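These are my notebook entries on a structure that I went through step by step. I wrote down what I looked up, in the order in which I looked.

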There are 2 protein chains.
Amino acid sequence: MMKDLLAQRVNPDVPSALSGLFPKDDDPRAISFAAGSPNEDLFPVQAMHTAFDTAMINHGAHLFQYQTSQGNADLRDQLARRIGKWGQVQTTRDHVVLTVGGQQALELVAKTLLNPGDEVVVEAPSYVGALAAFDLYAPTYYGVPLQNDGIDLNALEDTLKQHPNIKLLYTVPDYHNPTGITMSVAKRQQLVALANKYDFVILEDSPYRDLGYEHLPLPAVKAFDTEGRVIFVSSMSKILMPGLRTGWMVADGGLLTAILRARQASDLEANNIVHAAIDAYLTANDLDAHVDILKADYQRKCAAMIQSLEDYFPDEATFTRPDGGFFDWVTLPEELDADALLSDTIIPQAHVSYVPSTNFYPDRNVRNGFRLSFTGLAPETIDEGMHRLGDQIKAALHAAKPVV
Amino acid sequence: MMKDLLAQRVNPDVPSALSGLFPKDDDPRAISFAAGSPNEDLFPVQAMHTAFDTAMINHGAHLFQYQTSQGNADLRDQLARRIGKWGQVQTTRDHVVLTVGGQQALELVAKTLLNPGDEVVVEAPSYVGALAAFDLYAPTYYGVPLQNDGIDLNALEDTLKQHPNIKLLYTVPDYHNPTGITMSVAKRQQLVALANKYDFVILEDSPYRDLGYEHLPLPAVKAFDTEGRVIFVSSMSKILMPGLRTGWMVADGGLLTAILRARQASDLEANNIVHAAIDAYLTANDLDAHVDILKADYQRKCAAMIQSLEDYFPDEATFTRPDGGFFDWVTLPEELDADALLSDTIIPQAHVSYVPSTNFYPDRNVRNGFRLSFTGLAPETIDEGMHRLGDQIKAALHAAKPVV
């Protein structure tokens, strides 16, 4: 009876794209390459504690009162300057909205733009959290493949010609989730030109942009925006701490107005106490120096992951070689089903987990890949887990091969 | 062009129900009876600062990592025991979800239940934030009038008979927003019986339940729930501090599962740092003793408001006499339009504001009432503002009367 009372968007018969992030395995040997958790040993706990003290002392009681839907003006100012410096986006705090993580920004954009059935382009594969947020608004998806330098623009333009009502394109241009691929500058510029030509909105989701191991951040897609049709989203989760639950977006004009309205109706406002603490942290500390520490750590872990893929995986498996971010993407031979393997043998026998490819495709129809996250694990743990995982993949491949 | 890209739910031609909360008036004499802000002079700032310190010292780095969509288990435990003690709701932390204010809880319930056109009953008048949240999911509304002891159950049953597909009923049973009315215990029990009979979900929104000036809290509607069809929502905003952005709900069974899924897709999780601080505050302090201080303060201010209504308002205006909560409701003669009066004369000439009745009705069709909030203002300020407001109402009434 209760099931009949639920809206179609939460149909319990269709698993959420986010359901794969936390596979259940209580075994003490369990090693998870699934969720993209940052390394908490590097969290600047003492500096952030001091920043909370500073915020509470400086602001007094009013810090704890209702504030505004857009969020703390000083922090918005710092973020506007940061994306100006590192992403070449010329904007001001009046165009910045603070959100509950980047996730809320994605959900608010979907809520603001999408009527049921509206047409959306996503990269294939694409971030599970974005798919879960978009799914709430029941769009029609078109997946466009990725190349080594980002989304395939020829395939995209073919899709746009076939479906002229496409309203929204979602991209993770920097150290893409789940593949680690970065979009070239030329493609960023061409993508905006296509948005202008075919009249759609670009949702640029860039939580990893600061985490290039070897390169400085590229100009944001938003840097090439001439018509206010790119919405830029980023987050403090990957470069500071996810528990702060602070994401942010940059938007313009009528889009900004509409997003703020949807935001107010959704939760009134985010947490000003935390915003003021982040503002105090950014004022008293050098975030870029902290990010340099993260980059060195994650580069070492990424190298351990790549090495273990070379050491333990069969030649038939291919993988990306990211130079930044949190993730690596593995493609198995087509006869292997990464979903079934995970639940049938890999978790029960090897106590290792990943996120299967089905979660990253809107139609859940690509079964022979998976995402690996390496940032939260020590290199020795990565080696151990990947050894176990590689053995399982080899065994599955052997079992799948016809006996000659 | 951009306007065409927006979803219908944020149609810029229809003002949000929340738009009336912050009328613009930069005059130094401005007195706002509009937004329901608590008295920040009574915020336990030092105790909360200590609680943040405790949380950060006790939990260390892991406090700042990703946690769970349901929220801090210790705080959920404390809230489950609190609603057991004061609301006679027998529940456990497994049934509690922590949200970004009560507002997010309302939005999540609407998101979880409502397909476009689904039928919803609201009290008439009803809370603007709930209407704004529900509006995002385009329901069909039925308003049921209030009596002195809560919603008119005969009118409700007539509505249910006429519209057997009604899915959701929204009520603020305790010190109702905007009227201050409290639903009797008998009606709470009968309301649940109707929900069982006509198969709908009750969304019980009770942020003011602890703030009875003369009476202890009544059993929650949820206390009479026999089929897991009542969702109870409350908040720390009115009894502690709104800047904590911490609301909570109690739900059961498939409803709880579906709400958690919608929550994860919306913003992953709320702020565990703040949750841990509230948990530490509740452990180290007596919240009920703090609430007693609030009740004494708000009772004094409510009395000042009622006195000024008697002193300065014409006999043709009627008003409620709340014995708890944040709000009083004024009804003007039908020929007066509280919306037009506010923007045309009351703000420009008297620099006083309220929230006009149109915002509290789903069809925006009742124009001769308004909500007054008194909690954030000193009694002298209430007297001064109400004197100015009363003079404007008298003048408007005089102008509206036919010359004999």
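Entry 1, the fold of one chain. Before counting, I noted that helices (H or I, at least four residues) and strands (E, at least two) are taken as DSSP runs, numbered from the N terminus. On that basis I found eleven helices and 14 strands in chain A of what is a predicted model. I then looked up the radius of gyration of chain A, which is 21 Å and close to the 22 Å that the globule rule gives for 404 residues, so chain A is as compact as a globular protein of that length. Taken along the principal axes, the box filled by its C-alpha atoms is roughly 75 × 55 × 50 Å.

Entry 2, burial and contacts. I see that 65% of the 404 residues of chain A count as buried, and that chain A exposes about 14300 Å², with carbon and sulfur atoms supplying 50% of that area. When I took the contacts in chain A between residues at least 6 apart in sequence, 74% of them joined residues at least 24 apart.

Entry 3, the two copies. How many degrees of turn lay chain A on chain B? I found a turn of 180 degrees with a shift of 0.0 Å along the axis, and the RMSD is 0.0 Å. The two copies are thus related as by a two-fold rotation axis. I also looked up the interface, where 100% of the interface residues of chain A are also interface residues in chain B, so the copies meet through the same surface.

Entry 4, the nonpolar cores. The largest nonpolar core has 148 residues, and I noted that F52(A), F64(A), F52(B) and F64(B) are the ones that touch the most other members. Apart from it lies another core, of 100 residues, and among them I found A132(A), L5(B), Y66(B) and F134(B). Going back to F64(A) and leaving aside its neighbours within four places in sequence, I listed its contacts with M56(A) and I273(A) in chain A, and with F43(B), V45(B), M48(B), F52(B), M241(B), P242(B), G243(B) and L244(B) in chain B.

Entry 5, helix α8 in both chains. I placed I273(A) in helix α8 (residues 272-284) of chain A, and its relative accessible area of 0% makes it buried. Not counting residues up to four places away in sequence, I273(A) touches F52(A), L63(A), F64(A), F52(B), G243(B) and L244(B). Its C-alpha atom is separated by 53 Å from that of L397(A), which is 124 residues away along the chain. In helix α8 (residues 272-284) of chain B I looked up H275(B), which counts as buried at 1% relative accessibility. Leaving aside neighbours within four places in sequence, H275(B) is in contact with G71(B), N72(B), L75(B), L98(B), T246(B) and A270(B).

Entry 6, a lysine in helix α9. Is K295(A) buried or exposed? I found that K295(A), in helix α9 (residues 287-312) of chain A, counts as buried at 15% relative accessibility, because the cut-off for buried is under 20%. Residues up to four places away in sequence not being counted, K295(A) touches D210(A), L211(A), G212(A) and Y213(A).

Entry 7, a strand pair in chain B. For strand β3 (residues 119-124) of chain B I noted that six of the six residues are buried, so this strand is largely enclosed by the rest of the structure. β3(B) pairs with strand β4 (residues 140-147) of chain B in the parallel sense, over six bridges, and I found Y141(B) in β4(B) as the bridge partner of V120(B).

How values were computed
Residues numbered from 1 in each chain as written. Chains lettered and ligands numbered in written order. Predicted model: local features only at pLDDT ≥ 70, side-chain atom pairs only at ≥ 80, totals over all residues. Heavy atoms only, no water. Least-squares fit on C-alpha atoms with pLDDT ≥ 70 in both. Contact = heavy atoms within 4.5 Å. Core = buried A, V, L, I, M, F, W, Y, C linked by side-chain atoms within 4.5 Å. Buried < 20%, exposed > 50% of the residue type's maximum accessible area, 1.4 Å probe, protein only. Rg over C-alpha atoms; globule rule 2.2 N^0.38 Å. Areas by Shrake-Rupley, 256 points an atom, 1.4 Å probe, with all protein chains shown as cover. Pairing = 2+ DSSP bridges.
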